[in-house]
Amino acid sequence: MTTQKLNVKRVDEAVLKESFYSKYVKRGLDIICAILALTVFSWLYIILIILGAFFMRGNPFFVQKRPGKDEKIFKLIKFRTMDNRKDENGEFLPDEVRLNKYGKFLRDTSLDELPEAINILIGDMSVVGPRPQLVKDMVFMSDAERKRHLVRPGLSGLAQVNGRNQIEWEEKFYWDLIYIGKISFWVDFKVVVKTVLSAFIKRENVTQGDMATAQDLCDYLYSKGLIDITTYTENLSEAKELLNARG
């Protein structure tokens, strides 16, 4: 895939441009879509809950704290794709071991994302917007990159339909910040259509290379030599404090 040439100045100067749609229509459509999903696919939720309890050896849901609009911490709900197997020392086994065939199927079809309809319904998320990253990712973002939190995070977004996990972090942020400056019904509609095509039909760009899970921002920056071990350690400590204080 050819990487988008980033317009650094445009990203640094990104500002939220609100419109009649973003102020008065978008949230209403989110609620309608969430209710429809929970109602129409209720049978699928029941089946996946039962299968998840069996294949994941217990709780079929995965709940994790993420930064949302205005960096408010909320609990993201997904179907669990990795089981809880541990070694003799009580430590979790590697991700690639715990990601079983059923979990991989959920990821390949994006069915693990279905419970996020609950997050959308209660107002933590939107159908379209920047994907909610980890709290520890947020503390490694620049001030410009953190502008992505001016809007509700989305089930899908411009970054997801322009490469998803096959593009570098810089390009993900590029698309996130482009989105906050051009929110419209037409943009959201195109993102939804492209998401359905890429995630459910073509099943593209779900994983990052041969990795079971995408590389965290902190590990990416450190591996590229963009931060030192001191910054790495201090920022992770900050993330833990944020989780304790605001979670």
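Okay, let's start with a hole: the second largest pocket here has a volume of about 220 Å³. By pocket I mean, on a 1 Å grid over the protein atoms alone, an open set of points where a 1.4 Å probe fits, with protein on both sides within 12 Å along at least five of seven lines. Grid points are joined across faces, edges and corners, and the volume is the space filled by probe spheres set on them. Lining residues are those with an atom within 4 Å of a point. Of the 14 that line this pocket, Ser 22, Lys 26, Lys 69, Val 151 and Arg 152 are the closest to its centre. Two elements, α2 (20-40) and β3 (126-128), give two or more residues to that lining, and α2 has the largest share, with four. Those labels are DSSP runs numbered from the N terminus, with helices as H or I of at least four residues and strands as E of at least two.

What about the chemistry of the lining, by class? We get five nonpolar, two polar and seven charged residues. Nonpolar here is Ala, Val, Leu, Ile, Met, Phe, Trp, Tyr, Cys and Pro; charged is Asp, Glu, Lys and Arg; the others, Gly among them, are polar.

Quick housekeeping before I go on. This is a predicted model, with local features needing pLDDT of at least 70 and side-chain atom pairs counting only at pLDDT 80 or more, while totals for chains, interfaces and linings use all residues. Residues are numbered from 1 along each chain as its sequence is written, and side-chain values use heavy atoms, with hydrogens and water left out.

Now to the surface. There is a nonpolar patch made of Ile 32, Leu 36, Val 40, Phe 41, Trp 43, Ile 47, Leu 51, Phe 54 and Phe 55, and together they have about 880 Å² of accessible area. To join a patch, a residue needs over 30% relative accessible area and no salt bridge; nonpolar side chains (Val, Leu, Ile, Met, Phe, Trp, Tyr) are joined within 5 Å, like charges within 9 Å. The areas are Shrake-Rupley with a 1.4 Å probe, and for residues only the protein chains shown count as cover. So α2 is back again: α2 and α3 (42-55) each supply at least two residues of the patch, and α3 gives the most, with five. Take Ile 47, in helix α3: its relative accessibility is 39%, so it counts as partly exposed. For that scale, buried is under 20%, exposed is over 50%, and partly exposed is in between (1.4 Å probe, protein chains only). Contrast Gly 52, also in α3, which is buried at 3%. The C-alpha atoms of Gly 52 and Gly 103 are 8.6 Å apart, with their positions 51 residues apart along the chain.

On to charges. Side chains of opposite charge can pair when their charged atoms come close. With a salt bridge taken as a side-chain nitrogen of Lys or Arg within 4 Å of a carboxyl oxygen of Asp or Glu, the count is twelve. One of them pairs Arg 146 with Glu 71, at 2.8 Å between the closest N and O atoms. Arg 146 sits in the loop between α7 (135-138) and β4 (154-156) and Glu 71 in the loop between β1 (61-67) and β2 (73-79), so this pair ties together parts 75 residues apart in sequence. Buried or partly exposed? Arg 146 is partly exposed at 22%, while Glu 71 is buried at 15%.

Then there's a network of salt bridges linking Lys 78, Asp 112, Glu 113, Glu 116 and Arg 131. Within it, Lys 78 pairs with Asp 112 at 3.5 Å. Lys 78 is in strand β2 and Asp 112 in the loop between α5 (101-109) and α6 (116-122), so parts 34 residues apart in sequence are tied together. Arg 131 meets Glu 113 at 3.2 Å, N to O. Both Lys 78 and Asp 112 are buried, and so are Arg 131 and Glu 113.

Last stop, backbone. Most residues other than glycine have a negative phi. Arg 57 is not a glycine, yet has a positive phi of about 60°; Ser 110 also has a positive phi of about 60°. Arg 57 is in the loop between α3 and β1 and exposed at 61%. Ser 110 is in the loop between α5 and α6 and buried at 7%.
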